[in-house]
Amino acid sequence: MSDQTAVAPEERALIDLESQYVVQNYGRGEHTLRAARAEGVYLYDFAGKRYLDFISGIGVNALGHAHPRLNAALKEQLDTLVHCSNLYYHPYQGPAAQKLAAMSGLQRAFFCNSGAEAVEAALKIGKGYGRSKSAGKYEIVALHNSFAGRTLGAIAVTGQPKYREPFEPLMPGVRYIDVNDTAALEAAVNDNTAAVFFEPVLGEGGIVEVDAAFGAKAKELAARHDALLIYDEIQCGLGRTGEFFAFHHWGNDFTPDVLTAAKPIAAGLPLGVVMCNEKAAAVFAAGMHGSTFGGGALACRAAVEFLSMLPDLLPHVRDVGGYFHERLNAFAAKYDFVTRTRGKGLMVGLELTVAGNWVVPQAQEKGLLMNCTAGNILRFLPPYIVERGHVDEALAALDAIFAAGPPADA
Ligand SMILES: Cc1ncc(COP(=O)(O)O)c(C=O)c1O
């Protein structure tokens with residue numbers, strides 16, 4: 001048995017407690033990594049084995065682990081003010097919102113605690129906007145294969161039936177179309193559309209990029225039919241693709257009415273945000289929406305630190321991301337079951353002609369953390385502080401795995 005699966009007594013106790021007392025919705029088991037601590041781009045298990053963390057908390061730990069500047073700020077904040085609710089002002093919500101406004105081109109922020117909560121608030125804004133125009137204006141146009149989170153509104157706009165069907169009936173009026181199908185978009189959007197909602201790069205859907213033509217058509221149709229244009233940048237936003245937001249890759253003219261962001265925003269602490277233009281922000285009068293924890297002092301302090309560092313990190317994300325894509329693409333020539341890379345910057349997918357789940361435990365065994373999404377896409381979301389040398393390390397592990405080839409049943 002490898003050291004990864006050997007179960008020491010303290011780990012056994014941990015697994016047993018979870019299996020007895022925790023809802024079993026994550027499918028963790030004997031082989032699941034047991035994380036003890038982490039630093040920089042590395043995570044360590046209970047046995048002290050080191051892993052190159054190329055999934056970074058599913059795109060959350062953008063500054064890696066235990067970042068000295070972030071941690072110094074958080075330690076100070078812990079002793080100063082952690083939470084005071086949204087009944088009161090604290091020093092960090094306004095500055096975090098100001099930075100996000102400059103990066104997104106959207107004037108106002110609503111803070112919450114997670115991606116799904118940001119999606120819920122964005123949908124409420126969309127529906128509230130439609131409702132203010134007419135009672136029948138409540139339809140939402142969303143994409144097949146998208147993922148928007150696990151709450152009821154979020155699964156209603158998630159274009160994957162497996163997430164929706166066990167909980168139906170859901171919010172009515174959602175129409176799904178294929179990504180980059182501008183004709184279908186044109187057919188789906190009408191005067192009853194309250195919002196057009198999509199990820200500029202589909203994350204869970206397999207690192208699929210929405211193209212500029214689709215972005216332009218969405219913008220045009222939303223304007224023509226007075227619907228709100230909402231981008232879900234929870235996975236692809238805030239520097240992940242090498243721009244502040246993924247929609248910036250299309251050009252200067254694609255700013256939506258509403259944008260959701262979360263994962264890396266507080267570099268590991270729970271925080272989500274909805275950015276809105278004035279028209280969208282006006283939907284929420286005082287008392288119409290809120291969150292007890294949302295935008296708390298500790299999380300917003302982390303956001304201010306992360307957002308302050310982000311402009312200087314973008315060129316690095318582009319550089320290391322470009323290198324990563326280039327080197328991964330070489331595998332397509334070397335291995336017949338590897339097709340090509342997908343994504344931009346440090347949002348990296350590697351498409352296989354076969355199912356890709358077999359790679360994940362083998363990579364973990366070799367000290368590399370990543371995952372597989374949409375069946376055949378190996379997904380890498382390394383922290384923005386990753387260096388070319390770390391990419392080389394990851395590539396060596398993958399090369400060794402690929403050289404042995406996929407199992408017969410992949
Ligand atoms: C694009 C997108 N939207 C929404 C969510 C939901 O975010 P959370 O898990 O923080 O609720 C995710 C999470 O993976 C996501 O990738």
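# Exercises on a two-domain predicted model

The protein chain contains 13 helices and 17 strands (DSSP runs, with helices being H or I of at least four residues and strands E of at least two, numbered from the N terminus). The model is predicted: local features need pLDDT of at least 70, side-chain atom pairs count only at pLDDT 80 or more, and totals for chains, interfaces and linings use all residues. Residue numbers start from 1 along each chain as its sequence is written.

## Exercise 1. Overall form

Task: determine how the radius of gyration of the protein chain stands against the globule rule, and what percentage of its residues count as buried.

Solution. Step one: the radius of gyration is 21 Å, close to the 22 Å from the globule rule for 410 residues, so the chain is as compact as a globular protein of that length. The radius is taken over C-alpha atoms, and the rule is 2.2 Å times the number of residues to the power 0.38.

Step two: along the principal axes, the C-alpha atoms fill a box of roughly 65 × 55 × 45 Å.

Step three: 47% of the 410 residues count as buried (20 or more other C-beta atoms within 10 Å of a residue's own; exposed means 12 or fewer, partly exposed in between, with C-beta atoms placed from the backbone).

## Exercise 2. The domains

Task: state which elements give two or more residues to the side of domain 1 that touches domain 2.

Solution. Step one: the assignment gives domain 1 (9–67 + 313–404) and domain 2 (68–310); such bounds come from an automatic or database domain assignment. Their centres, taken over C-alpha atoms, are separated by 26 Å.

Step two: the contact takes 26 residues from domain 1 and 26 residues from domain 2, where two residues are in contact if their C-beta atoms, placed from the backbone, lie within 7 Å.

Step three: on the side of domain 1, the elements are α2 (56–59), α11 (297–334), β13 (338–344), β14 (347–352) and β17 (377–380). Helix α11 gives the most, with five residues.

Step four: by class, this side of domain 1 has 13 nonpolar, nine polar and four charged residues (Ala, Val, Leu, Ile, Met, Phe, Trp, Tyr, Cys and Pro count as nonpolar, Asp, Glu, Lys and Arg as charged, and the others, Gly among them, as polar).

## Exercise 3. An open sheet

Task: give the order of the four strands in the open sheet.

Solution. Step one: the order is β1-β2-β3-β15, with mixed pairing. Strands β1 (35–39) and β15 (368–369) stand at the edges, each with a single partner strand, so one side of each is left without a neighbour in the sheet. Pairing requires that DSSP find at least two bridges between two strands.

Step two: β2 (residues 42–45) and β3 (residues 50–53) run antiparallel and are joined by three bridges. Tyrosine 42 stands opposite leucine 52 in β3.

## Exercise 4. Backbone exceptions

Task: locate the cis peptide bond and establish whether leucine 238 is buried or exposed.

Solution. Step one: most residues other than glycine have a negative phi, and most peptide bonds are trans.

Step two: the bond from glutamate 168 to proline 169 is cis, with omega near 5 degrees. Proline 169 is placed in the loop between α7 (161–164) and β6 (174–177).

Step three: leucine 238 has a positive phi near 60 degrees and lies in the loop between β10 (228–232) and β11 (258–261). Leucine 238 is buried, with 29 other C-beta atoms within 10 Å.
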